[in-house]
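I set out to look up two sites in this entry, one after the other, and to note what surrounds each bound species.

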Amino acid sequence: MTDIIRAGTPGTPGTPGTESLVCRLVDAELLVPTGVLGLYGRSGTYQDVADGIGAMVRRWGASLGARRLHLPPVLGRATFAHTNYLESFPDLMGSVHVFSGGNPEHKELLRRVESGGDWPALLEPADVVLASAACHGVYPLCTGVLPIEGRTFDVQSYCFRHEPSPQAARMQSFVMHEIAHVGTADGAWNHREEGLAHGLRMLSGLGLDMSAVPASDPFFGRVGAVLAAGQLDEELKMEGVTAIPGTQGMTAIMSANSHRDHFGVPFGIETAGGAVAHSACVAFGVDRIVVALLAVHGLDPASWPSGVRDQLGLAGSLA
Ligand code: 5GP
Ligand code: ZN
């Protein structure tokens with residue numbers, strides 16, 4: 001199975017030099033390969049570290065009075081349409097399709113499976129798509145008039161982005177844990193700013209060398225290039241980046257995003273003062289943080305510095 005990751009999936013040549021960390025993680029049985037690039041199971045040890053990060057984010061959310069939500073890895077198609085994700089990132093999304101035929105269609109389905117034919121063509125779109133960001137599920141909960149202090153959510157889910165890659169930090173399916181705020185323009189902007197500072201402190205405290213950089217999302221196509229330039233110009237997206245040993249360049253392990261009224265308008269969210277609501281989210285890429293910690297401190301969390309283990313609550317679980 002490691003060979004598949006080293007060589008890429010059939011027809012997809014591996015990128016020399018970028019796959020070494022993922023192979024080490026697989027060889028150490030921290031990530032469980034599936035035969036698909038960027039799709040892994042988690043070992044118990046890996047999960048313990050992920051849980052520790054989750055608890056740290058939760059503590060911050062609790063200090064803000066955030067409502068805790070664990071959302072499914074799929075999102076209603078109608079909600080998805082309101083996020084405008086398809087306009088900006090059509091190449092990253094994933095859709096769920098289901099079989100809803102009768103006996104003749106089932107017979108044809110099986111015939112195609114056996115002959116290697118195009119059986120997915122017989123499926124129909126379900127009323128769900130794969131979640132692209134954990135916070136997308138909270139905006140429909142805010143439709144209407146907000147309380148004066150707005151609403152704050154601690155929300156996490158598995159997210160899917162179609163970016164098959166042999167790099168350890170680029171997964172197709174990964175956990176995103178966000179603290180999102182919906183409220184006034186000032187409230188949302190403050191959340192973005194304070195969240196960025198808090199996230200950088202939290203991750204630096206785990207021994208990761210963090211810096212903050214303005215960033216843009218990978219908007220699709222020619223129009224997308226304009227959107228990305230505007231986002232950068234106005235510093236709407238800030239990323240907390242770090243160098244992960246064994247990978248190239250800097251990797252964003254968190255982002256702090258101002259959406260302005262991007263979700264307030266389509267989801268019909270109003271502030272107590274009658275303005276269109278603004279929103280902001282601070283997103284922690286849990287898998288990237290675990291991978292960064294393993295690359296920096298070593299593949300055996302039992303031997304990590306005690307301060308790091310204490311913060312992650314690993315003192316008992318791995319001893
Ligand atoms: P964003 O919405 O800013 O693109 O993503 C939020 C966070 O999710 C990122 O800062 C990153 O930590 C994480 N993330 C984004 N894409 C991937 C990916 O392909 N793989 C993994 N493991 N995490 C990702
Ligand atoms: Zn978000």
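For these notes I call a residue buried when its relative accessible area is under 20%, counting protein chains only as cover. I keep in mind throughout that this is a predicted model.

Entry one, the metal. I looked up the protein donors of the zinc ion (ligand 2) and found C135 through SG, E178 through OE and C281 through SG, lying 2.0 to 2.3 Å from the ion. Along the chain these donors follow the spacing C-x42-E-x102-C. C135 sits in the loop between strand 6 (124-130) and strand 7 (144-145), whereas E178 belongs to strand 9, so that this pair, 43 residues apart, links distant parts of the chain. I then checked exposure: C135 has a relative accessible area of 3% and therefore counts as buried, and E178, at 0%, is buried as well.

Entry two, the other ligand. I listed 16 residues around ligand 1, of which R161, M171, K237, A252 and S255 come nearest. For polar contacts to oxygen atoms of ligand 1, I noted a polar side-chain atom of K237 at 2.7 Å, a polar side-chain atom of S255 at 2.7 Å, and a backbone N or O atom of M254 at 3.5 Å. The protein covers 93% of the 490 Å² of accessible area that ligand 1 has on its own. Two or more residues of the shell come from each of strand 9 (173-183), strand 12 (250-260), strand 14 (278-285) and helix 9 (286-297), and strand 12 gives the largest share, four residues. Sorted by class, I recorded eight nonpolar, two polar and six charged residues in the shell around ligand 1.

Key:
Residues are numbered from 1 along each chain as its sequence is written. Chains are lettered from A and ligands numbered from 1 in the order in which they are written. This is a predicted model: local features need pLDDT of at least 70, side-chain atom pairs count only at pLDDT 80 or more; totals for chains, interfaces and linings use all residues. Side-chain values use heavy atoms; hydrogens and water are left out. A residue is near a molecule or strand if one of its heavy atoms lies within 4 Å of it. A polar contact is a pair of N or O atoms within 3.5 Å; within protein, one must be able to donate a hydrogen and the other to accept it, and residues adjacent in sequence count only if both atoms are side-chain atoms. Accessible areas come from the Shrake-Rupley method with a 1.4 Å probe; for residues, only the protein chains shown count as cover. Ala, Val, Leu, Ile, Met, Phe, Trp, Tyr, Cys and Pro count as nonpolar, Asp, Glu, Lys and Arg as charged, and the others, Gly among them, as polar. Donors are N, O and S atoms within 2.8 Å of the metal (3.2 Å for Na, K and Ca); water is not among the atoms, so sites may look incomplete. Buried means under 20% relative accessible area, exposed over 50%, partly exposed in between (1.4 Å probe, protein chains only).
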